[in-house]
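Good morning, colleagues. I would like to take a few minutes to go through one structure, and I ask you to keep it in view while I speak.

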Amino acid sequence: MSFEWKDRYSLNIPEIDEQHKRLFEIGYHAYNLAMLNDGYDHYDEIMTIVDELLDYVKYHFEYEEKLLEKYNYSKFVSHCNEHNFYIDKIAHISGDKVDADQQKAILDILNFLSEWISNHILITDRQYANELREKGFIK
Ligand SMILES: [Fe+2]
Ligand SMILES: [Fe+2]
């Protein structure tokens, strides 16, 4: 996955799409770093990506959860559980693990971001967009 945004990723909810695009940007940055594989020290850059992801989930997941709560989304709890799974994953990327094997750490992050995009953004997020649209809460 090259982390290039495509129209088919859009939920047609402008604010959410903008937030999702930010995740693709972080992924693109991580992808470029992994492709370097030049043996140089990229510890700080990897940890910057981890920090960006933590900030991102805090903002984006809270935003989505408020929206879903406001409209009484039928799968609210399971949606939040998925969010918590990703938060937990990011919280477990420690400086020690990155230090022990930087290339492995960045590849793990890439796999995890690909999984997040294909299973959460493309499937689970789409489900709430469909329901909110069917109920007439969004256009
Ligand atoms: Fe999302
Ligand atoms: Fe979500």
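**Two loops, two cores and a pocket**

With a relative accessibility of 62%, Asn72 is classed as exposed, because the threshold for that class is over 50%. I should say at once that this is a predicted model. Asn72 sits in the loop that connects helix 2 and helix 3 (76–91). Although Asn72 is not a glycine, its phi is positive, at about 55 degrees. As background, most residues other than glycine have a negative phi.

Asn37 also deserves attention. This residue is not a glycine, yet it has a positive phi of about 35 degrees. Its place is the loop between helix 1 (14–36) and helix 2 (43–70). Is Asn37 buried or exposed? Its relative accessible area is 51%, so Asn37 is exposed, the limit being over 50%.

Let me turn to the interior. In soluble globular proteins, nonpolar side chains tend to be buried together. Here the largest nonpolar core comprises 29 residues, and those with the most contacts inside it are Leu23, Ile49, Leu53, Ile109, Leu113 and Trp116. Two or more residues each are supplied by helix 1, helix 2, helix 3 and helix 5 (102–134). Which element gives the largest share of this core? That is helix 5, with nine residues. A second core, of 11 residues, lies apart from this one, and includes Leu11, Tyr71, Ala129 and Ile138.

To take one residue from the largest core, Leu113 is in contact with Phe3, Leu23, Gly27 and Leu53, leaving aside neighbours within four places in sequence.

His79 belongs to helix 3. Its relative accessible area is 0%, and His79 is therefore buried, the criterion being under 20%. Not counting residues up to four places away in sequence, His79 touches Glu64, Leu68, Tyr73, His120, Thr124, Asp125 and Tyr128.

Finally, the pocket. The largest pocket has a volume of about 270 Å³. Its lining is formed by Lys89, His92, Ile93, Lys97, Asp101, Lys104, Ala105, Asp108, Ile109 and Phe112. How many of the lining residues are charged? Five are charged, four are nonpolar and one is polar. Helix 5 provides the largest share of this lining, five residues. Ile109 thus appears in two places in this account: among the residues with the most contacts inside the largest core, and in the lining of the largest pocket.

Thank you for your attention.

Methods
Residues numbered from 1 in each chain as written. Chains lettered and ligands numbered in written order. Predicted model: local features only at pLDDT ≥ 70, side-chain atom pairs only at ≥ 80, totals over all residues. Heavy atoms only, no water. Helix = DSSP H or I, 4+ residues; strand = E, 2+ residues; numbered from the N terminus. Buried < 20%, exposed > 50% of the residue type's maximum accessible area, 1.4 Å probe, protein only. Core = buried A, V, L, I, M, F, W, Y, C linked by side-chain atoms within 4.5 Å. Contact = heavy atoms within 4.5 Å. 1 Å grid on protein atoms, 1.4 Å probe; cavity = no way out; pocket = protein on both sides within 12 Å on 5 of 7 lines; lining within 4 Å. Points joined across faces, edges and corners; volume = space filled by probe spheres on them. Nonpolar A, V, L, I, M, F, W, Y, C, P; charged D, E, K, R; others polar.
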